[in-house]
Amino acid sequence: MKVAYNWLKEFVDVTAPAEEIASRLALSGTNIAGIENGAHGTVIDAEVSSNRPDCLGMLGIAREISAIYQLPLKHIAPRPAESRSAKASDAVSVKIEAPELCGRFTARVVRGVKIQPSPTWLKNRLEAAGMASISNVVDISNYVLLELGHPLHTFDFDLLRNHSIVVRCAKAGEKLKTLDGIERSLDPGIPLVCDADGARAVGLGGIMGGGETEISFSTKNVLIECAWFDPVAIRRATRFLKLHTEASTRFGRGADPEMAETASRRCAELILQLAGGELLAGVVDVYPGKRAAKKITLTRAEFLRVMGADVPDKDLEAILSALGFAPVRVDDNRGAANSLLAAWECTQPSWRADVEREIDLVEEVARIYGLGNFPPRLPVARIAAARLPHHEAETRLRERLIGLGYHEAITIPHVAEERNDLFRPPDAQVAKLANPLSEEASVLKSTGFVTLAGAIEWNLNHGQRNVRLFEIGRQYRLVDGKPVETRVLTIGATGAAREQGLYDPAREYNFADLKGDLDAIGALSGGFRWEDGGPEWLNAAKRGTLRLGQEGNQPIGAAGLLAKRVADKFKFRQDVFLAELDLGPVYCMFYGVKNNRRYEPLPRLPGVERDFSVFLEDGKTFAEVKKAIEALGIPEVTSVAAADLFRGKNVPAGKYSLLVRVTFQSREATLTEAQINDFSGRIISALEKTLGASLRAR
Amino acid sequence: MPTVNNPTEKTLAELGAASREEVARLFAEVRTRFDSQIARPQDAHGWTILRVLWLGRKGVVTQITENWLKPAPLELKRVIGESLNSFKEHVEVVLADALAASEAGAEAALSAKDRVDLSLPGVIRPVGTHHLIRQVFQEIEDIFFSIGFSVVEGPEIETPYYNFEALNIPEFHPVRDDMDTFYLELPKGAPGPLLLRTHTSPVQIRTMEKRQPPVRVIVPGKVYRRDNPDATHSFMFHQIEGLAVDSDITFCDFTGTIDYFVKQFFGESVKTRFRPSYFPFTEPSVEFDVSCVFCGGSGTANSGGTCGKCKGSGWIELFGAGMVDPAVYGFVNYDPKKVSGFAFGIGIDRLAMLKYGIDDIQAFFQNDVRFLRQFP
């Protein structure tokens with residue numbers, strides 16, 4: 001809403017400069033987008049919130065200023081000269097068949113007008129408000145709309161068939177060519193203004209007039225429509241038609257039904273002034289929606305309960321009066337000023353459909369009085385504050401990942417369906433958008449893999465080849481039509497595990513890096529069990545599934561090298577490693593493990609290490625070696641570790657060399673050479689027997 | 001080196017000294033001998049040998065104690081003792097100083113090739129970073145946690161009831177036009193429409209359904225609006241919702257809480273103001289402004305022109321908030337006559353952009369490691 005300063009002054013004698021007015025308006029609820037000093041003087045650009053249609057006119061803004069500055073508002077009372085012989089009611093009939101859509105319809109008729117360009121002052125005012133000038137009569141209807149905030153429509157009276165207006169619902173399949181030349185298909189529920197006893201649509205009620213009856217330069221007689229349409233009906237209609245106009249904005253937010261007749265009179269007055277002619281006597285006014293003004297009580301007790309600080313009677317009453325609420329003290333303490341028991345009965349003005357409750361009045365008083373006048377204070381907390389249940393687990397996890405060199409990523413979960421499918425387990429039902437912005441963002445990610453692979457792709461495409469990322473986010477899936485959001489950790493890595501530096505050579509990130517990093521975070525939850533297998537989008541030779549807790553527990557995630565088939569889709573030309581974990585069980589185990597953790601006294605005696613270098617057939621795993629040694633049940637064995645692994649020179653084909661380091665430790669006594677030799681002998685024979693291992697050296 | 005004819009190896013009687021004067025002369029001679037020895041420059045090893053010779057178990061000081069002091073006649077003991085102490089102190093101080101000076105000199109003399117070049121990097125162990133959005137979330141959570149706000153979360157896929165209706169936004173409400181919404185495509189027969197929440201406010205309703213007042217929570221999370229992406233719009237962004245409901249919460253408590261938060265976050269010098277505004281789920285509703293952190297609220301940029309960040313107004317709009325509209329309590333079976341409260345919804349991405357001068361919201365979600373590393 002563009003508010004010309006000099007126009008505003010016709011309604012309120014304000015002397016403050018425009019900048020100050022703008023600032024005061026902003027601090028009392030009318031947002032100000034800017035102030036322009038143009039050819040037509042100073043114009044304040046006000047952004048009126050959707051609950052205040054009354055401020056979509058000069059009068060409404062002037063009322064705000066009159067309340068802020070406590071200046072009288074100059075009301076408008078147009079008194080156009082009327083014909084002594086001809087009556088409007090003889091010239092036109094109005095019938096409202098859909099009172100739930102149209103609460104009031106007024107019609108006036110002006111005969112013998114001269115349609116011509118508007119005078120300069122009128123053109124200037126419209127231009128300052130951002131509207132184009134068309135002709136005097138059309139401009140006048142727009143002028144009144146801007147002045148009083150109430151939309152009007154003017155018809156070429158002679159083009160209206162039968163001069164019998166009917167307002168009804170549109171019929172299914174009905175069409176209307178509007179003023180803008182577009183033929184529109186209508187929907188039942190859209191209010192229609194029709195002529196010929198309802199046979200022909202001549203206007204979308206409250207939105208836009210029809211093309212067949214519009215004012216032209218040959219128009220002689222004019223019918224002024226000034227009506228009131230139901231806000232919800234108008235919003236439904238504009239949404240269906242995708243058509244928003246100055247009129248639909250005002251009716252859609254709730255225009256003032258009482259203003260319809262006044263605005264019509266004002267329009268007639270200006271037409272007589274600028275286009276001549278004769279106004280038929282009276283008005284045809286059908287008003288099925290007339291309602292008695294609502295009474296609302298405001299008490300000081302409620303004001304204090306909500307606002308926490310007071311406003312004196314004098315200010316409170318002055319504010320409510322200026323805004324049109326006509327406050328009257330109704331409590332028993334009427335004589336006492338600023339009584340804590342004070343109560344005011346207020347009357348809801350017809351232009352303030354948004355004020356219906358006591359709380360609405362509280363806001364009215366507070367916003368004009370000034371929100372800065374309510375002293376800030378910190379409330380006392382009466383209950384203990386709690387973090388999220390998984391706060392500690394997630395914080396520890398995040399810290400550890402960052403320590404391991406991973407940057408935290410945040411991705412947008414909207415992805416292309418084709419991409420999402422690369423990582424989607426066959427049984428996961430995709431959460432698809434009904435109204436996506438694009439194909440590339442048409443579904444919500446079913447896994448974190450897809451968006452983290454996307455983040456790696458971005459980096460590789462921008463020259464960053466060494467990337468380590470993690471994201472703590474959600475998977476979005478449907479299960480039986482119901483949404484399920486699962487918290488997951490996704491890890492992605494590619495490029496150098498260690499970059500070429502002054503002291504060390506470069507080394508590429510490999511599966512062991514991924515496994516080591518995952519085990520470092522797994523330690524927080526008691527350690528992961530790694531097992532063969534995993535989703536088919538991971539390389540079959542370099543992948544694993546992860547479990548927590550006891551053997552046989554459900555897998556909670558997978559890790560590995562991205563399969564070539566999928567890597568090719570992303571055009572990755574280097575190895576990309578990915579892992580994803582379901583965080584629910586990880587957090588659950590974190591607390592379980594933490595609460596059961598107990599101190600283990602440090603051994604007082606030194607441990608003894610023995611290395612066993614064995615040849616093993618390919619396919620035999622370290623886990624089998626470990627299991628074979630542990631199966632011996634030697635209590636002094638405290639650790640079995642893989643110290644070195646070698647294939648190639650001096651190793652028979654089909655075999656590999658593994659250096660197993662076993663630590664012996666007793667809590668009771670220093671181990672003797674004989675004891676250790678005995679343990680070693682048993683280990684060697686176990687490895688030979690159960691695994692077919694051959695001892696290489698010792 | 002001590003001479004063979006060392007007087008300290010003999011007793012005073014053997015030296016024929018029986019008077020104070022002769023004792024003084026003997027001490028003077030010893031002192032001269034010491035001073036002449038230490039006058040010659042030594043390396044650290046040389047100083048150690050001298051220390052043994054003079055202060056060691058069989059050194060000169062011990063000899064004087066054994067040969068001069070102990071067998072001396074009573075009348076001379078006092079003067080010998082005093083002279084000995086004075087001499088011993090002199091030897092200790094001089095030797096310690098000389099040794100320290102010698103060590104310092106030795107280090108300085110170390111060859112340049114062994115010296116570290118401090119301008120070279122150490123061994124770089126790459127460390128990751130918290131995402132900036134996460135950092136801002138954490139900072140805000142900590143501030144509100146410190147004044148009694150618990151942290152809760154809620155689903156991102158919501159029903160229209162929680163996202164709109166229960167927040168006093170019925171269908172066809174004009175506010176819905178400002179929150180262009182993503183809807184999910186549901187299989188046939190699935191119950192009700194589902195949408196991506198357009199704000200974190202649905203969690204207000206979910207929280208109040210579960211708890212009775214007093215309620216004091218903040219809700220960090222992702223929200224979605226169907227806006228075409230550009231430098232200031234992303235169809236996913238982050239909010240932190242706040243809600244406090246109790247039997248005695250007033251507007252003054254609300255402004256006090258917000259004021260406290262902003263001063264913690266932006267610093268004590270920041271100025272704040274509340275502008276009346278409109279949201280269907282709060283009343284009175286406000287927009288909250290802070291004095292522009294770029295121009296200090298003057299509206300003039302350092303370069304002299306209009307500050308581009310606040311467009312010369314000196315104020316920056318931060319977020320919307322207000323007292324919870326009594327109509328909302330009706331949806332969660334709270335008695336609007338008995339409770340009151342406030343709610344706010346802070347846009348995190350915008351806040352981070354303001355605080356760190358980031359000019360493109362998309363940068364947050366590209367996850368370029370060069371961007372992430374800038375905020376360790």
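Biologist: Let's start small: which strand of chain A holds Thr347(A)?

Modeller: Keep in mind that this is a predicted model. Find Thr347(A) in chain A and look at the run of residues 343-347. That run is strand β19.

Biologist: Is Thr347(A) buried or exposed?

Modeller: Its relative accessible area is 19%. Buried means under 20%, so with 19% Thr347(A) counts as buried.

Biologist: Which side chain makes a polar contact with the side chain of Thr347(A)?

Modeller: Leaving out residues up to four places away in sequence, Thr347(A) touches several residues, among them Ala293(A), Lys294(A), Lys295(A) and Ala326(A). One of these also makes a polar contact, side chain to side chain, at 3.0 Å. The partner is Lys295(A).

Biologist: Ala326(A) came up there. What is its phi near?

Modeller: Ala326(A) sits in the loop between α11 and β18 (328-329) of chain A. At 41% relative accessibility, Ala326(A) counts as partly exposed. Its phi is positive, in a residue other than glycine, and is near 40°.

Biologist: And α11 itself: which residue in helix α11 (residues 313-322) of chain A can we look at, and what is its relative accessible area?

Modeller: Take Asp313(A), which lies in that helix. Setting aside neighbours within four places in sequence, Asp313(A) is in contact with residues including Arg300(A), Arg329(A) and Trp344(A). Asp313(A) is buried, because its relative accessible area is 7%.

Biologist: How far apart are the C-alpha atoms of Asp313(A) and Gly130(A)?

Modeller: Along the chain, Asp313(A) and Gly130(A) are 183 residues apart. In space, their C-alpha atoms are separated by 41 Å.

Biologist: Let's move to strand β4 (residues 82-87) of chain A, where Ser83(A) lies. Which backbone nitrogen does the Ser83(A) side chain reach at 3.0 Å?

Modeller: Ser83(A) is buried, with a relative accessible area of 7%. Apart from residues up to four places away in sequence, it touches Glu278(A), Leu279(A), Leu280(A) and Ala281(A). Its side chain reaches the backbone nitrogen of Ser85(A) at 3.1 Å. At 3.0 Å, the backbone nitrogen reached is that of Ala86(A).

Biologist: What do the buried residues of α8(A) pack against?

Modeller: Helix α8 covers residues 246-253 of chain A, and its buried residues are Ala247(A), Ser248(A), Arg250(A), Phe251(A) and Gly252(A). The helix is followed by Gly254(A), whose phi is positive, near 115°. As for the packing, the buried residues lie against α6 (136-148), β14 (222-229) and α7 (231-241) of chain A.

Biologist: Now chain B. Where is Pro214(B) found?

Modeller: A cis peptide bond leads into it from Pro213(B), with omega near 5°. Look in chain B after α9 (202-210) and before β5 (215-224). Pro214(B) is in the loop between α9 and β5.

Biologist: Which residue does a cis peptide bond join to Glu283(B)?

Modeller: Omega of that bond is about -5°. The partner is found in strand β8 (residues 282-291) of chain B. It is Pro284(B).

Biologist: Is Asn367(B) buried or exposed?

Modeller: Asn367(B) is found in the loop between α13 (363-366) and α14 (369-373) of chain B. Its phi is positive, about 60°, although it is not a glycine. At 0% relative accessibility, Asn367(B) counts as buried.

Biologist: How do the two chains meet, and how many salt bridges does the rule find across the interface of chain B and chain A?

Modeller: The contact takes 96 residues from chain B and 87 residues from chain A. About 7,900 Å² is buried between them, with carbon and sulfur atoms giving 58% of it. In one salt bridge, the side chains of Glu358(A) and Lys337(B) meet at 3.7 Å, N to O. Across the interface, the number of salt bridges is eleven.

Biologist: Which helix gives the largest share of the side of chain B that touches chain A?

Modeller: Its share is eight residues, and it spans residues 251-266 of chain B. That is helix α10.

Biologist: Last one: what is the accessible area of the surface patch with Leu502(A) in it?

Modeller: Leu502(A) lies in the loop between β26 (496-498) and β27 (507-508) of chain A, and at 53% relative accessibility it counts as exposed. It forms a nonpolar patch with Tyr503(A), Leu120(B) and Val123(B). Together, their accessible area is about 390 Å².

Note on methods:
Residues numbered from 1 in each chain as written. Chains lettered and ligands numbered in written order. Predicted model: local features only at pLDDT ≥ 70, side-chain atom pairs only at ≥ 80, totals over all residues. Heavy atoms only, no water. Patch = residues over 30% accessible without salt bridge, like charges linked within 9 Å, V, L, I, M, F, W, Y side chains within 5 Å. Areas by Shrake-Rupley, 256 points an atom, 1.4 Å probe, with all protein chains shown as cover. Salt bridge = Lys/Arg side-chain N within 4 Å of Asp/Glu carboxyl O. Helix = DSSP H or I, 4+ residues; strand = E, 2+ residues; numbered from the N terminus. Buried < 20%, exposed > 50% of the residue type's maximum accessible area, 1.4 Å probe, protein only. Contact = heavy atoms within 4.5 Å. Buried area = accessible area lost by both parts, 1.4 Å probe. Polar contact = N/O pair within 3.5 Å; in protein donor to acceptor, adjacent residues only side chain to side chain.
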